[in-house]
Amino acid sequence: MILFAALPVADYPGALAWYERFTGRPPDLVPNDTESCWQVAEGGWFYVIEDAARAGRGLITLVVEDLDAELATLGERGIEVGELRTIPGVVRQARVSDPEGNTIGLGQPLG
């Protein structure tokens with residue numbers, strides 16, 4: 001099974017540039033002029049798609065091994081990260097919003 005999670009945007013060219021900065025690389029797959037895809041795990045992808053009616057309503061969470069390292073890297077790329085929160089014994093997490101308002105959660109499991 002493979003998962004494709006969508007993040008709809010109104011300004012596709014602007015979003016493409018932002019997500020290239022967020023991921024630190026160009027998309028792994030560009031199936032057409034309004035869609036770009038990044039593989040983030042063996043069976044896990046997210047994609048940005050031009051869809052003005054749904055823009056800014058996406059929400060995904062990426063589970064990472066080292067949240068502090070990920071947040072430092074995002075800071076170096078000029079990506080603003082929200083407040084770092086901890087649910088004791090469960091997860092450390094932070095959120096990032098793209099320019100359209102889509103939310104990307106970053107989480108590191110604890111324990």
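Buried means under 20% relative accessible area. With that in hand, let's walk through this predicted model.

Q: Which residues of H1 are buried?
A: Tyr 12, Ala 15, Leu 16, Trp 18, Tyr 19, Phe 22 and Thr 23 of H1 are buried.

Q: How do you know that the span of helix H1 agrees with the expected one?
A: H1 covers residues 12-23, twelve in number, and at 1.5 Å a residue they should span 16 Å. The C-alpha atoms at its ends are 16 Å apart, so the two values agree.

Q: What caps the N-terminal end of H1?
A: Asp 11 does, with a side-chain oxygen 3.1 Å from the backbone nitrogen of Gly 14. A polar contact needs N or O atoms within 3.5 Å, and the 3.1 Å here fits that cut-off, so the pair qualifies. Just after H1, Gly 24 takes a positive phi of about 80°.

Q: Why is Ile 2 called exposed?
A: Exposed means over 50% relative accessible area, and Ile 2 has 56%, so it counts as exposed. Ile 2 sits in the segment before strand S1 (3-9). Together with Phe 4 and Leu 29, Ile 2 forms a nonpolar surface patch with about 290 Å² of accessible area.

Q: Why does Val 81 count as partly exposed?
A: Its relative accessibility is 29%, which lies between the 20% and 50% cut-offs, so partly exposed is the right term. Val 81 belongs to the loop between helix H2 (67-76) and strand S6 (85-87).

Q: What does Val 81 touch, not counting residues up to four places away in sequence?
A: Val 81 touches Leu 71, Leu 74, Ala 94, Arg 95 and Val 96.

Definitions and conventions
Residues numbered from 1 in each chain as written. Predicted model: local features only at pLDDT ≥ 70, side-chain atom pairs only at ≥ 80, totals over all residues. Heavy atoms only, no water. Helix = DSSP H or I, 4+ residues; strand = E, 2+ residues; numbered from the N terminus. Expected span 1.5 Å × (residues − 1). Buried < 20%, exposed > 50% of the residue type's maximum accessible area, 1.4 Å probe, protein only. Polar contact = N/O pair within 3.5 Å; in protein donor to acceptor, adjacent residues only side chain to side chain. Patch = residues over 30% accessible without salt bridge, like charges linked within 9 Å, V, L, I, M, F, W, Y side chains within 5 Å. Areas by Shrake-Rupley, 256 points an atom, 1.4 Å probe, with all protein chains shown as cover. Salt bridge = Lys/Arg side-chain N within 4 Å of Asp/Glu carboxyl O. Contact = heavy atoms within 4.5 Å.
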